[in-house]
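Open the model in your viewer and keep the sequence panel beside it. The stops below go from one selection to the next.

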Amino acid sequence: MSGSIGWKAAFVAALLLLFGFVTAANFIPKAERVASEFWPADGLRLGLDLRGGIHWVVGVELEEAITRELEFVRKGVAERLDEEDSIALGSSTVEDGELRIVLASEADRAKTIEYIDDTNVLESTGRDGLELRYALTDDWTSDVRERTMSQVLEVLRRRIDDPQRGIPDSIVTRQGSDRVLVQIPGEQIDRQRARDLLNSTGFLEFKIVIDSDATEEDLRARYPDGIGDDKKITMQKDPETGIEIGAYLLPKLADVTGDYLDDARLQFDQQQRPIVEFTFNQEGGDLFGKLTEANKNKQLAIILDDNVYSAPAIRARITNRGMIEGQFTADEAADLAVILRAGSLSVPVVIEEERTVGPGLGQDSIESGALACGIGLLVVLAFAAFYYRMSGIYAAVAMVVNLIMLIGLMSMFEATLTLPGIAGLVLTVGMAIDANVIIFERIREELRAGRAVRAAIATGFSKATWTVLDANITTLITAIILFQFGTGPIKGFAVTLSVGIVTSVFTALVVTRLLFQLYPGTRNVSTLSI
């Protein structure tokens, strides 16, 4: 055996041992793998259809986004007209998906209409005396819907897949124009916790407390003439029972919001009670510093999703760091930190469809897939050995190596295996022989042309290499496109197919070639079993 062949054989053997070791680890219970330093703790992950879990179709209330956009436009129009043209509107409201403006005088009509038309955001839906009615243009409405869906997708992905408290291997992807598909695999899932992560809008606000009392009735009793349009009463609820334990009179608009948050993490105070510590970015720190500086010794209400979590007194100026205290457990505080880190949902979401996939069904799929893969492998191996004789046995060895490398690579990268992924695995077994067939037919052509065995093998591999690469690269491009634009199960199929193509080419061009170099190698044989 020459030195170069020896190195190649050692390299292939090392790869086979490595991938065989990683593949074997998948058959060891995870608890034993984690407890042992010998076996890798992680490995091939199973998707929802194989492992069981929760399947949700989540509806996004996009009409709420349209209403909020109209409200934002309403404020901008009123402020701009007042600042530049000194036009004071009689009133401006958002009702039934329309912006309704009532002019103070007929003289302001022309300027108001001209300014609104120049925004290219609103289109007229009707006029009645001094009342003007507008709706968002179709293009702007479509843009708002797309932006909202993108934000909801990103926030839900960050919540569900959070590396510290999220749920690993989950799938969050868009379905249609106004729905999100959420798949959370796992045999034992805290369903309520998953719901809380999903349903909480996570809108964080900081407001200076104007007044407070034990109940809303007692608080309102102090203001017989009403609290005013610029204020609102927000309740504090016990996190365990949901019972209202306090009422706070607060400004309607927040002084600082969670949009400026940089990070939020679970911590413990000096009494070892769980708290959520948060940090602002530079802009948020400046705003928070001015707010706390101007309101020392007053209470600062920390509000999440219209619920007062705590209302500590401001003792000194606070800039970019603070904490949220409350009567919650460590798990609740950690989940709150996840929601704050991920950001707030701009609109509410609701679970429209819920299905639970049992692990028993997944186990049946695994067993059926393994059986199909085994039968396919045996049939292909038998055909190769029958049709190509000794060379077919070489191809069979390369196929087994290919399968070990495929599962080993997916395990090393902790890929998620789904039922379509098993279909990709079976397809890879069938495709793996294809490259060998091209090579063997080339070698047969050279032998029929009268070439010596060694020359026929060398020429066959040389001429077939680009054909094999061309055929597999085109398939790989298709698999990459499937992965990029596909969802859940389709991505699982694309991952398995992509890795399988790479390992198939390697085993055909390297492992099979190495076997021919071992025998007949440099021997002067007159015939080749092919």
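**Stop 1: a nonpolar patch**

Select Ile 481, which sits in helix H13, residues 453-485. This is a predicted model, so colouring by pLDDT is a sensible habit throughout. Ile 481 has a relative accessibility of 47% and therefore counts as partly exposed. Add Ile 473, Ile 477 and Phe 485 to the selection: together with Ile 481 they make a nonpolar surface patch of about 440 Å². In an α-helix there are 3.6 residues a turn, so residues three or four places apart point the same way.

**Stop 2: the whole protein**

Now zoom out and show the cartoon. The protein has 14 helices and 20 strands. It has 530 residues, and 42% of them count as buried. Switch on the surface: the accessible area comes to about 27300 Å², with 54% of it belonging to carbon and sulfur atoms. Among contacts with a separation of 6 or more, 69% are between residues 24 or more positions apart.

Next, look at confidence. The mean pLDDT is 81, and 89% of the residues reach 70 or more. Where is confidence lowest, and where is it highest? The lowest mean, 57, belongs to helix H2 (residues 30-35), while strand S10 (residues 211-213) has the highest, at 90.

**Stop 3: helix H6**

Select residues 138-160, which form helix H6. Its 23 residues reach 33 Å from the first C-alpha to the last, close to the 33 Å expected at 1.5 Å a residue. Which residues of H6 are buried? They are Val 144, Thr 148, Met 149, Val 152, Leu 153, Val 155, Leu 156, Arg 159 and Ile 160.

**Stop 4: salt bridges**

Side chains of opposite charge can pair when their charged atoms come close. The structure holds 23 salt bridges, and a few are worth selecting in turn.

- Glu 106 and Arg 109: the closest N and O atoms of this salt bridge are 2.8 Å apart. Glu 106 is partly exposed because its relative accessibility is 48%.
- Glu 205 and Lys 207: their side chains meet in a salt bridge at 4.0 Å, N to O. Both residues are buried.
- Glu 446 and Arg 451: this salt bridge has an N to O distance of 2.6 Å. Glu 446 is buried, with a relative accessible area of 8%, whereas Arg 451 is partly exposed, at 42%.
- Glu 95, Glu 98 and Arg 100: select these three together, as they are linked in a network of salt bridges.

**Stop 5: backbone exceptions**

Most residues other than glycine have a negative phi, and most peptide bonds are trans. The last three selections depart from that pattern.

Go to Asn 297, in the loop between helix H9 (282-294) and strand S16 (300-304). Asn 297 is not a glycine, yet its phi is positive, at about 70 degrees. Is Asn 297 buried or exposed? Its relative accessible area is 60%, so Asn 297 is exposed.

Then move to Arg 389, found in helix H11 (residues 359-412). Phi of Arg 389 is also positive, near 55 degrees. With a relative accessible area of 57%, Arg 389 is exposed.

Finish at Tyr 519 and Pro 520, which are joined by a cis peptide bond with omega about 10 degrees. Pro 520 lies in the segment after helix H14 (488-518).

Note on methods: Residues numbered from 1 in each chain as written. Predicted model: local features only at pLDDT ≥ 70, side-chain atom pairs only at ≥ 80, totals over all residues. Heavy atoms only, no water. Patch = residues over 30% accessible without salt bridge, like charges linked within 9 Å, V, L, I, M, F, W, Y side chains within 5 Å. Areas by Shrake-Rupley, 256 points an atom, 1.4 Å probe, with all protein chains shown as cover. Helix = DSSP H or I, 4+ residues; strand = E, 2+ residues; numbered from the N terminus. Buried < 20%, exposed > 50% of the residue type's maximum accessible area, 1.4 Å probe, protein only. Contact = heavy atoms within 4.5 Å. pLDDT = per-residue confidence, 0-100. Expected span 1.5 Å × (residues − 1).
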